[in-house]
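User: Please take a close look at the aromatic pairs in this model, and at the surroundings of one of them in particular. I would like a connected account with the geometry and the burial of the residues involved.

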Amino acid sequence: MSTEPRLAEVTDPDPARQAAPGSDQAVKETLEDYTLRFAPRSYRRWTPMVVATTALGGIAYMADFSIGAGIGLAHGTGNALLAIAVAAVVIFVTGFPLAYYGARYNIDLDLITRGSGFGYFGSVLTSVIFASFTFIFFALEGSIMAQGLKLGLGLPLWLGYLVSTLMVIPLVIYGMTALSKLQVWTTPIWLLLMVGPLVYLVATDPGSVDRFLAYAGTDGNGGVNTASVLLGAGVCLSLIAQIGEQIDYLRFMPPKTEANKRSWWTAVVMAGPGWVVLGALKQAIGVFLAVYIIAEVGPTAAPEPIQQFKHAFDAMMPSWIVLPLAVVLVVISQIKINVTNAYSGSLAWTNSFTRVTKRYPGRMVFVLVNLGFALALMEADMFSFLNSILGFYSNCAIAWVVTVATDIGINKYVLKLSPHAPEFRRGMLYAVNPVGVVAFVAASGLSIAMYFHALGDTLQPYSPVAAALIAFVLTPLMAVVTKGKYYLRRTDDGIAEPLLDEDGNPSAVTYECHVCRQQFERPDVAACQTHDAVVCSLCLSTDKVGDHVLPAAPAVT
């Protein structure tokens, strides 16, 4: 494991530094785990499998069990399983190019989005979408933990919400170094507690499988129909933005070489789009457990994971240990995912705020902001109208992820209108690129209108399909219409050294930023407009005057 970089105090009288007030503090804080910026090779000392284990540890959330149970109870097992499968395929296909770019070029999803059709400021829209994803799912997991604390310890829900929020703050402060240790050590315990009861129930009560497969849903119909499948898939597809949290870990992958390419690809596929395989299995297990206990707790409580696992443990263990084990499982799961939700959400908020205001207030400010939003949702009892929130949110998330995935897969590799290597630095990108922004706004806007029945009841279940199809069609269409001219504001960053090395990995050659006096690797710097020197990406972002930003020099078409 790597340790934090040691940073020297810098005193610099250079008046040019006044263009980026507070940049010293910003740089020092973001160097802990390279928040808001390219993750350099010197920091990425984890093996591919350690990165993959850390990333997969972040999907130990219990929400999948609730989501699957909710869909199954509403539409029946057959429709639920098909909905889960449809959503999983879409999430895997769209997540693959994003995961590859995050791991290959060592940048997070916001930085990928900037250069994949949205522009420097255009991706602020999607950063807010992603930040919303993190606090919605933090609230969902916090609600599940509060239910466990109420059942196990008698804590009132409002206090459980507060406990589940406050307990993650110390862990989030320390970034990737602390998160990797937490995820690696807790994953085996979590897997044992989750899989053990399911195996026992199936082995000792084979009839439970028949009851599960035959369950018809609350409407009593049970037949498979397109509307029910798509409504269920829409809820599952709200998880499509989870790939952003996976990339927050995958950006720390080591360089891909001939020696490690097999383990590198295995880790990227497993921890990138592969997260949805485990997610889909958990959703299906949620349906199974809900059907198993519905006669005992009723349809209202059946989607609660604490109830699901309490009754599952009750079938295989002495009564005195059942409740404590169920509470331990819920608490471990909540901690594992909510440190990731709080961490990733703080990055998204900070990234947006820094670009818009050109001021870096510190990531901890936005840890608290994100947790505040999550706590408000919990206190508003968002768990009771979970599927409605997720169904609405999925339209925005689908439009964003499909737009970026299409830009990478089609515009970069097929049409070759989008630059192959991702660009994220201020001055190199246009403020707004209509390719991604128009595709995203049109896809999300129309699909949300469909979701709220604006285009009739018949089309309402098809809103997630509309979001995906519109984004998929408009993204290459806009690239062709604009001829790709709004991707790069300039093609030369003023540095002779190539961005990539001979293996296609980001170059490890280092330069000193003349503003903050720190060393940064080649992809994280650009030439300065007013000095014969280079400036790092964060100092460019916080340059209020714009003295360091290179002028526009678009490519000749």
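Analyst: A search of the whole structure, which is a predicted model, finds 23 aromatic pairs. One of them is formed by F65 and F309, whose rings meet edge-to-face, with 5.1 Å from centre to centre and 85° between the planes. This pair links distant parts of the chain, since F65 belongs to helix α3 and F309 to helix α15 (residues 305–314), 244 residues apart. F65 counts as buried because its relative accessible area is 0%, under the 20% cut-off, and F309, at 1% relative accessibility, is buried as well.

The helix that carries F65 can be described further. α3 has 13 residues and reaches 18 Å from its first C-alpha to its last, close to the 18 Å expected at 1.5 Å a residue. Twelve of these 13 residues are buried, so α3 is largely enclosed by the rest of the structure; among the buried ones are A63, D64, F65, S66 and I67. After α3 comes G76, which has a positive phi, near 95°.

On the other side of α3, in the loop between α2 (48–57) and α3 (63–75), lies M62, which is buried with a relative accessible area of 0%. Leaving aside neighbours within four places in sequence, M62 is in contact with E141, I144, P305, F309, L329, V330 and S333, a list that includes F309 of the aromatic pair. The C-alpha atoms of M62 and E304 are separated by 9.1 Å, although these residues are 242 apart along the chain.

A further edge-to-face pair is that of Y430 and Y486, with 5.6 Å centre to centre and 65° between the planes. Y430 lies in the loop between α18 (386–412) and α19 (434–451), and Y486 in the loop between α20 (463–482) and β1 (510–512), so the pair ties together parts that are 56 residues apart in sequence. Both of its members are partly exposed, Y430 with a relative accessible area of 23% and Y486 with one of 30%.

Elsewhere, F96, Y100, Y101, Y105, W264 and W265 form one aromatic cluster, and K256 lies over the face of W264, at 6.0 Å from the ring centre. R355 is likewise placed over the face of Y120, at 6.0 Å from the ring centre.

As to confidence, the mean pLDDT of the protein chain is 84, and 89% of its residues reach 70 or more. Over residues 1–23 the pLDDT is below 50, and this stretch has 53 contacts in the model beyond near neighbours in sequence. Where pLDDT is low, the predicted coordinates should not be read in detail.

Terms used:
Residues are numbered from 1 along each chain as its sequence is written. This is a predicted model: local features need pLDDT of at least 70, side-chain atom pairs count only at pLDDT 80 or more; totals for chains, interfaces and linings use all residues. Side-chain values use heavy atoms; hydrogens and water are left out. pLDDT is the predictor's confidence in each residue, from 0 to 100. Contact means heavy atoms within 4.5 Å. Helices (H or I, at least four residues) and strands (E, at least two) are DSSP runs, numbered from the N terminus. Buried means under 20% relative accessible area, exposed over 50%, partly exposed in between (1.4 Å probe, protein chains only). The expected span of a helix is 1.5 Å times one less than its number of residues. Rings of Phe, Tyr and Trp (its six-membered ring) pair if their centres lie within 6.5 Å; planes under 30 degrees apart count as stacked, over 60 as edge-to-face and the rest as tilted. A charge sits over a ring if NZ of Lys or CZ of Arg is within 6 Å of the ring centre and within 35 degrees of the ring normal.
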